Amino acid sequence: MRQPFETNYYIASAVVLLALSGGMQVAGADVVISAKATANMDCGGGSCEPTAPDAVLNAKDLENLLAQDGNVRVMTTGQNVEATNIVVSARVATPDSTSLTLDAVGAITVEAPVSIGSNTAELELQSGTGGTLGNISFGPKGHITFGSISDLFNINGAVFQLAATLPDLAKAANARPAGFYALTNGYDASADGTYHSPPVGAAFTGYFEALGNTISNLKIKAAEGEYLGLFAHLNGNGGFGVVRNLRLGNASVVSDHASDIGAIAGFLEQNAGILQSSATGEVKTGDSSSAGGIVGFINSGSLVSSWSSAKVTAGNAFSDVGGLIGANAGTIRNSFATGDVSGGELSTAGGLVGYGGSITGCFATGNVHTEGGGATAGGLLGDGGGVENSYAEGNVSGTSGGGGTNALGGLIGYADFSGFGNYSTGTVTGGGSDLVGGVIGMDITHHVYRHTYWDTTTSGLAQGAGRSRRDEKLKGLTSRRLRSGLPPGFSTGVWTETEKINRGFPYLIDNPPPK
């Protein structure tokens, strides 16, 4: 098995999590920009302030105010009144040559399209939580577009350079990798043809805010490369190395051999971060690689409130392959993967992560398969530990071969350092002399588990671990029980269940699966 990473990643990634906590709503009352009639708002003199903690500003009223006054600031602070968050729940289109400021004590959430006009129109976002970057997130139908790259945009006073196309973004970021960039609209990268190296090849130390927009049909095909993805390398040295609110649709990132390969980034280090982002499509590489649906290898950094449905495939000889991350020495929180994962002989494969740990509040539903023996495979994690309040649902299987015995588990294939276990809702199958368990495929003597469950209905297994002297810490539940209410330890502030979403199994409130 791989040796533990030579980094104190539990401490390092805690720093980035404190700074990059976007996507988590701050508790409190809201100012809602809505299709409903304006209520509890006082507008005049270029500002709109609440007169009660819960207030509504009609979207058309806001557009008319902008046309009349030119500049409007929507605030959560009024005379002796304090709301917390701003939520945009109805479509807003600002006139040309106007300036809109959203100024929230807490978070800003955009749940509907916002269109900013042309002729140096301006948008300013002020969020009092989330550190330097603010706490700014987008619902499934929410995004912000600009009429021109000459428009003005800033977050908490930081000015962003606007890019309308991927080639424009790549040119600017490669020339000045410490810059702040934002995407003006969605972009179809099929017009670019096939990239043979990462579009942003420089070590990116700046901040890319995609504003909920989608880059679709990105195609990268390289014979080899150290790091491969939309961004080759995110480096947080200097405080950033951040990608946020990016939707990467129908991406194809393929290599005969790339050391670290992912749809969004090949490699993260120095507390870099990817937040509230997603990827669909495929990631495929050969032997001795770390391959993930979003990131190949996180050496130090965080993936927060993100997801992938990409199919991920890697080869033999110690490849680490995961639905979200190939190898992880950072922190993963509030995220999930639904794509199928496959690895070859001697590989380490997981529905969420191939190798590593520090996983909190996550789940994986994709099938995991290894071919050729000597592999470790788990529905959530192939090899590692440090998992809490998470679960796996996918089928886990492997064929034996010249590489030797496989270690297969519904949740973790091989548990090699201390961590927290969770539950699985998948079927586990193994060939030959494979070690098979509903939760852990091999010895968990050195693990501590709490809130640990696996689905006894879908796994068909009476025991939670394939081999363990501490199996009494694991408790199986039926599918019916898992769908009938959150299992003990799953917070109602983080998780919920709805019959029509995720087939009734638990999902994340702030990061629900797409319908």
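The following legends describe close-up views of a predicted model.

**View 1. The largest cavity and its lining.**
In this predicted model, one cavity reaches 30 Å³ or more. The largest cavity has a volume of about 40 Å³. Its lining consists of I33, V88, V92, L100, L102, V110, V114, L123, L125 and I144. Two strands, β10 (99–104) and β13 (122–127), each contribute at least two residues to the lining of this largest cavity. By class, the lining of the largest cavity comprises 10 nonpolar residues, with no polar and no charged residues.

**View 2. The largest pocket.**
The largest pocket encloses about 720 Å³ of space. Its lining is made up of 26 residues. Those that lie nearest the centre of the pocket are F138, G139, P140, D510 and P512. The lining of the largest pocket divides into nine nonpolar, 13 polar and four charged residues.

**View 3. Helix α3 and its surroundings.**
Helix α3 spans residues 166–175, and its buried residues are L166, L169, A170, A172 and A173. These buried residues of α3 pack against six named strands: β18 (161–163), β19 (180–183), β20 (187–188), β21 (200–204), β22 (207–209) and β23 (214–216). At the N-terminal end of α3, T165 acts as a cap. A side-chain oxygen of T165 lies 3.0 Å from the backbone nitrogen of D168.

**View 4. An open sheet of nine strands.**
The strands of this open sheet follow the order β18-β19-β22-β26-β29-β33-β38-β43-β48, and their pairing is parallel. The edges are occupied by β18 and β48 (387–388), each of which has a single partner strand, so one side of each is left without a neighbour in the sheet. Within the order of strands, β38 is followed by β43.

**View 5. The pairing of β38 with β43.**
Strand β38 covers residues 331–333 and strand β43 covers residues 359–360. The two strands run parallel and are joined by two bridges. Within this pairing, I332 stands opposite I359 in β43.

**View 6. Strand β27 and its burial.**
Strand β27 extends over residues 247–262. Of its 16 residues, 12 are buried, so the strand is largely enclosed by the rest of the structure. The two views that follow present pairings of this strand.

**View 7. Pairing of β27 with β23 and β24.**
Three bridges connect β23 to β27, and these strands run parallel. In β27, R247 is the residue that stands opposite T214. Strand β24, which comprises residues 219–228, is likewise parallel to β27 and is joined to β27 by eight bridges. K219 has S252 of β27 as its bridge partner.

**View 8. Pairing of β27 with β30 and β31.**
Strand β30 (residues 278–284) pairs with β27 in the parallel sense, over six bridges. V253 has V283 of β30 as its bridge partner. Strand β31 (residues 290–292) also runs parallel to β27, and three bridges join these two strands. The bridge partner of D260 in β31 is S290.

Conventions
Residues numbered from 1 in each chain as written. Predicted model: local features only at pLDDT ≥ 70, side-chain atom pairs only at ≥ 80, totals over all residues. Heavy atoms only, no water. 1 Å grid on protein atoms, 1.4 Å probe; cavity = no way out; pocket = protein on both sides within 12 Å on 5 of 7 lines; lining within 4 Å. Points joined across faces, edges and corners; volume = space filled by probe spheres on them. Helix = DSSP H or I, 4+ residues; strand = E, 2+ residues; numbered from the N terminus. Nonpolar A, V, L, I, M, F, W, Y, C, P; charged D, E, K, R; others polar. Buried < 20%, exposed > 50% of the residue type's maximum accessible area, 1.4 Å probe, protein only. Contact = heavy atoms within 4.5 Å. Polar contact = N/O pair within 3.5 Å; in protein donor to acceptor, adjacent residues only side chain to side chain. Pairing = 2+ DSSP bridges.
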